[in-house]
Amino acid sequence: MLTPLDIHNKEFKRSFRGYSEEEVDEFLDRVIKDYEQLYRDNMELKETLERINSKLEHYQHMENTLHNTLVIAQETAEEVKLNAKKESELLMKEGEIRAQKLVDEATLKVRRALSEYDDLKKQTSVYRTRMLTLIQAQMEMLKTSQEEEN
């Protein structure tokens, strides 16, 4: 990849009827300045993309953890139901009351976990959309700048 220093250090052969050395130097100075800015912007975008990917991995890990927690909560709810049913056969009325209470708590936990999961998915989607928009805008700026140079 061509660096601003490469442009700065480029030497051209002189010829009898060549271009004006002063005009070429002025133009190269402008090219160097613009290229340095694009180069810095590109590096910043790469760093931003790395940070975004890192955060995305973090959110994906959180999503997996929430999913596993949800599965465990559902399995726990099922175990609680079975145990409550066995107990209710032995202690009819008391067992039914306890089983219903445990089922309600487990259902509430599942609903809370699902709500948190949905919120995280929405946040991740918004974050992805914002970053995609930002990257697209930066790419459009680079494209426009490059077209202007040409």
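Before I come to Glu-89, let me say that a helix here is a DSSP run of H or I that covers at least four residues, and that helices are numbered from the N terminus. In this model, which is a predicted one, Glu-89 has its place in helix α2, and with a relative accessible area of 56% it counts as exposed, because the cut-off for that word is over 50%. If you look from Glu-89 to Phe-16, which is 73 residues away along the chain, you will find that their C-alpha atoms are separated by 108 Å.

Helix α2 covers residues 21-90, and Glu-26 belongs to it as well. Glu-26 is partly exposed, at a relative accessible area of 45%, and on the surface it joins Glu-11, Glu-22, Glu-23, Asp-25 and Asp-29 in a patch of negative charge.

Turning to the annotation, an unreviewed UniProt entry places a "coiled-coil region" at residues 28-62. In the model that span is 100% helix and 0% strand, and its end C-alpha atoms lie 50 Å apart.

Finally, how many salt bridges does the structure hold? There is one, and it is formed by Lys-81 with Glu-78, whose closest N and O atoms are 3.7 Å apart. The two residues are about one helical turn from each other, because they are three residues apart in helix α2. As for their surroundings, Lys-81 is partly exposed at 40% relative accessibility, and Glu-78 is likewise partly exposed, at 45%.

Terms used:
Residues numbered from 1 in each chain as written. Predicted model: local features only at pLDDT ≥ 70, side-chain atom pairs only at ≥ 80, totals over all residues. Heavy atoms only, no water. Patch = residues over 30% accessible without salt bridge, like charges linked within 9 Å, V, L, I, M, F, W, Y side chains within 5 Å. Areas by Shrake-Rupley, 256 points an atom, 1.4 Å probe, with all protein chains shown as cover. Salt bridge = Lys/Arg side-chain N within 4 Å of Asp/Glu carboxyl O. Lys, Arg positive; Asp, Glu negative; His and termini not counted. Charge placed at Lys NZ, Arg CZ, Asp CG, Glu CD. Buried < 20%, exposed > 50% of the residue type's maximum accessible area, 1.4 Å probe, protein only. UniProt positions renumbered as here; feature names shortened; annotations may be inferred.
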